[in-house]
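Reader: I'm new to this one and would like to learn how to read it. Could you walk me through it, feature by feature?

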Amino acid sequence: MSESVSDNAPIKGLTSTQAAERLQQYGPNALEEEKISPLLKLLSYFWGPIPWMIEVAAILSALIQHWDDFWIIIILLIFNAGVGFWQEYTAGNAVAALKKQLALKARVLRDGQWQEIDASQLVPGDVVRLRLGDVIPADVRLLQDDYLSVDQSALTGESLPVSKQQGDEAFSGTIIKQGESMAEVTATGKSTRFGKTASLVQQAKTVSHFQKAVLTIGDYLIYVSLALVIALVLVQLHRQTPWLELVQFALILTVASIPVAMPAVLSMTMALGAMALSKRKAIVTRLESIEEMASMDILCSDKTGTLTQNRLTLGKIELFNAKDEQEVLLAAALASREDDRDAIDEAVLHGLKNRDHISHFKQIAFVPFDPVHKRTEATIADDEGTSFRVSKGAPQIIMQLSGLAGAELERAQKVVDDFAAQGYRALGIARQAQEHAPWIFLGILSLFDPPREDSAETIASACEHGVQVKMVTGDNVAIARQIASKLGLGTNILKANSLPVNDARTTETRDANERVERADGFAEVFPEHKFCFVKTLQQHNHITGMTGDGVNDAPALKQADVGIAVSGATDAARAAADLVLTNPGLSVIINAIEEARRIFERMNAYAIYRISETIRIMFFVVLAMIFFDFYPITAVMIILLAFFNDIPIMTIAYDHTRLEKTPVRWDMQQVITVATAMGITGVVGSFGMLLIAMDWLHLSVSQIQTYVFLKMAVAGHLVLFVARSKDHFWKQPWPAPIMIWSAVITKLAATLLAAYGFGLITPISWPEIALIWGYSIGSAYITDLVKVAVYRHLGHRTPRHQHFLNVLKGRFVHDWH
């Protein structure tokens, strides 16, 4: 669709040839994204300490030609990589689909014709037409002497529109709120102000606490394995055991010690959580962020458009020479043009009780607002043909127009100052009964950007969940304090430029950083300030979340442990965020926190189970070989245990867990202490079972191996039910039905294998099987008693929890500094 330009038009655009050449020179008008090949992304899941351990086990299997073991290990390795890769791939596709829906168009003058093209095809030198409601597609310079009002909140965080005129620059990503103009493109893509802000995002990196926890668990198991291997090798060399047998045992111990399915189980748990959140219209773009959300104790929230509606609303009206508020509002409504109604006009119209009253008046002439005169003026005729004038604009201009003096002027000035102190924008209204008559000052309107309906409730709910909310805005301190008080936040709002936040270890900087921790919010903020605030809070051991919607939020969203792009966010904010909200409002963040904490409890339970199970198998097998000089379990049995225990245990992703009221973090000392105590209890129980098999039942070595295999299979899964709660396993919340059924089915399969062998193992009798089941259930009960005792000894209230509660209550303590 195109339209001709008059031959007399002084403004000429580019030709198609020039545009194509410049597109080659400057590139597309879009943010550059670092794209990783899907193949390289998939291969990255095979690189890291735990994948290396699994790969070593596979190589050892191949070296001694245990091909069954080799293929089973390879299948587990591929399964683990596939789960993580597929979830990240599908989440990335969901965000890409959203971005396609938001692709911008631009009206451009090419070859003497106005054409609509994709904004990505714009080049410097193009002439574009900007109209009310348009998103400016690139950095431009205005070419016409027409008034333009631009909403720059997405770029600067200012909630009020900014006036532009001929020769001024307007920036990519900002929105035309009033007027129209032609403009010349001056910069595109990464060269725009939008693009330069987005480049800060590339510098923002944070390491997942989930990754640190997995590595810590892996390291612990490696060290324990090495110690046991060294001890056993020394003993076996003294016994002159052949090297091949030592290699075979190294394989058994390696497979037993590696948490083969741990990454897959944890990824599956987080993936299911991501799916649950997507049903609530929240798209997870980075799986690890779910775990970070469970630990989040501070949420930095952008004000404009996130806590507020980004829509001017009528506040208090101060009357001067009007009989009532409706007279003031009617005059204000008449002093605007219907076609160009901006945010101020809409606020005025919403305040009118009877909008139909406007239809009794006809606008004869209209003078629009401009930055020089700072007011609008309209000539109006009523039904009877009587004409009069109305004007609205900056209070000082309207006061001067009306000739206010003395006490009236002082009173008007005080009203304006009081409104400003409360963070309100003031608007003066006047009326002239007939030409050359004096203007009558009717009153002063106040306007403000109101909070979203659910913001106060969301903030209160966040506090109940142990999350402190800090407001961040580009507006002045008065506006920030006014909104903070309405939302139930504190009023300790600091000006960003008064805080020299950096990495220097000076006394002034340390004091400033502590003020950042204590603050309820920050005003007059630029993008680099937000970025620094997040880094400062992270350095003070806070897991920090950041919500936002504008380009100015993107660097901080990327740096934050949890970056949340709210509904209607810009592409840059969505690309930088870990969680993208597609429905208005913030209430889904609370749902996300609750879901994340449940997921964390599942992961924590699995980590405890996995460590205790590894200790139980390793110590039992090594000590049994040292004391009794035979293999208590075969390599094939260990691989079968991986299937009978690890694969069905993925159902923990569906488990019912209790909801913690405060942020939860990986406490590796607690995890390893509890798991080790449970593991040692299991080792003692396994030796008791072994002695019964040897000295009471007098079983052969091959039968003892089957006996031990079934005991480890049954007791191992029961340990999961013990590990899933800090309290006794028989107390609520009950396990999910799928967990119970997976345990029943897999243990039934293991029991049938022990009873009939099926050519894989030596069968044992049903009475012996019944003894194993009874012993395993009794052992699980004792393990549970040990677990509860250890938790009580460690205590539920850690120093970190106590510190956090003190911060929330305003009693800041200095124990971390």
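**Reading the sheets, strands and spaces**

Author: Happy to. Let's begin with an open sheet of six strands, whose order is S13-S18-S17-S16-S15-S14, with antiparallel pairing. Its edge strands are S13 (313-319) and S14 (362-367), and each of these pairs on one side only. From one strand to the next, the twist averages 25°. Keep in mind that this is a predicted model.

Reader: How do strands pair in a sheet, and how many bridges link S14 to S15?

Author: The general idea is that strands of a sheet pair through backbone hydrogen bonds, in either a parallel or an antiparallel sense. Here, S14 and strand S15 (residues 375-381) pair in the antiparallel sense over five bridges. For one pair to find on screen, take Phe-366: its bridge partner in S15 is Ala-378.

Reader: And what's the order of strands in the open sheet of three?

Author: That sheet has the order S7-S6-S9, again with antiparallel pairing. Strand S7 (162-164) and strand S9 (175-178) stand at the edges with a single partner strand each, so one side of each is left without a neighbour in the sheet. On average, neighbouring strands of this sheet are turned by 45° against each other, direction ignored. Strand S6 (residues 148-151) runs antiparallel to S7, and three bridges join the two. Look for Leu-148, whose bridge partner in S7 is Lys-164.

Reader: Which strands are joined to S10 by four bridges?

Author: Strand S4 (residues 127-130) is joined to S10 by four bridges, and the two run antiparallel. Strand S5 (residues 139-142) also has four bridges to S10, antiparallel as well. To trace them, start from Arg-129, which has Met-182 as its bridge partner in S10. Then go to Asp-139, whose partner in S10 is Ala-187.

Reader: Is strand S10 largely enclosed or left open?

Author: A good way to tell is to count its buried residues. Five of the seven residues of S10 (residues 181-187) are buried, so this strand is largely enclosed by the rest of the structure.

Reader: What about a single residue in a strand: is Leu-442 buried or exposed?

Author: Leu-442 lies in strand S18. Buried means under 20% relative accessible area, and Leu-442, at 2% relative accessibility, counts as buried. Leaving out residues up to four places away in sequence, Leu-442 touches a list of residues including Glu-318, Phe-320, Val-328, Ala-331 and Ile-429. Sequence distance and spatial distance are separate things to check: Leu-442 and Leu-329 are 113 residues apart in sequence, yet 9.7 Å apart in space, C-alpha to C-alpha.

Reader: How do I read a helix in the same way? Which residues of H17 are buried?

Author: Pick out its buried residues, then see what they pack against. In helix H17 (residues 477-487), the buried ones are Val-477, Ile-479, Ala-480, Gln-482, Ile-483, Ala-484 and Leu-487. They pack against several elements, among them helix H11 (303-307), strand S18 (439-448) and helix H16 (455-464). Just after H17 comes Gly-488, which has a positive phi, near 85°.

Reader: Which residues does Ser-289 touch?

Author: Ser-289 is in helix H10 (residues 288-295) and is buried, with a relative accessible area of 2%. Not counting residues up to four places away in sequence, Ser-289 touches Val-284, Val-562 and Asp-578.

Reader: How many cavities does a search of the whole structure find?

Author: Rolling a probe the size of a water molecule over the atoms shows where empty space is left. In this structure, the search finds six cavities of 30 Å³ or more. The second largest cavity holds about 80 Å³ of space. Its lining residues are Glu-601, His-656, Thr-657, Arg-658, Arg-724, Ser-725, Lys-726 and Pro-733. By class, that lining has one nonpolar, three polar and four charged residues.

Reader: Stepping back, how many helices and strands are in the chain?

Author: The chain has 28 helices and 24 strands. Of its 817 residues, 55% are buried. As for contacts with a separation of 6 or more, 73% of those in the chain are between residues 24 or more positions apart.

Notes: Residues numbered from 1 in each chain as written. Predicted model: local features only at pLDDT ≥ 70, side-chain atom pairs only at ≥ 80, totals over all residues. Heavy atoms only, no water. 1 Å grid on protein atoms, 1.4 Å probe; cavity = no way out; pocket = protein on both sides within 12 Å on 5 of 7 lines; lining within 4 Å. Points joined across faces, edges and corners; volume = space filled by probe spheres on them. Nonpolar A, V, L, I, M, F, W, Y, C, P; charged D, E, K, R; others polar. Buried < 20%, exposed > 50% of the residue type's maximum accessible area, 1.4 Å probe, protein only. Pairing = 2+ DSSP bridges. Contact = heavy atoms within 4.5 Å. Axes fitted to C-alpha atoms, helices over the stretch in contact; angles between N-to-C directions.
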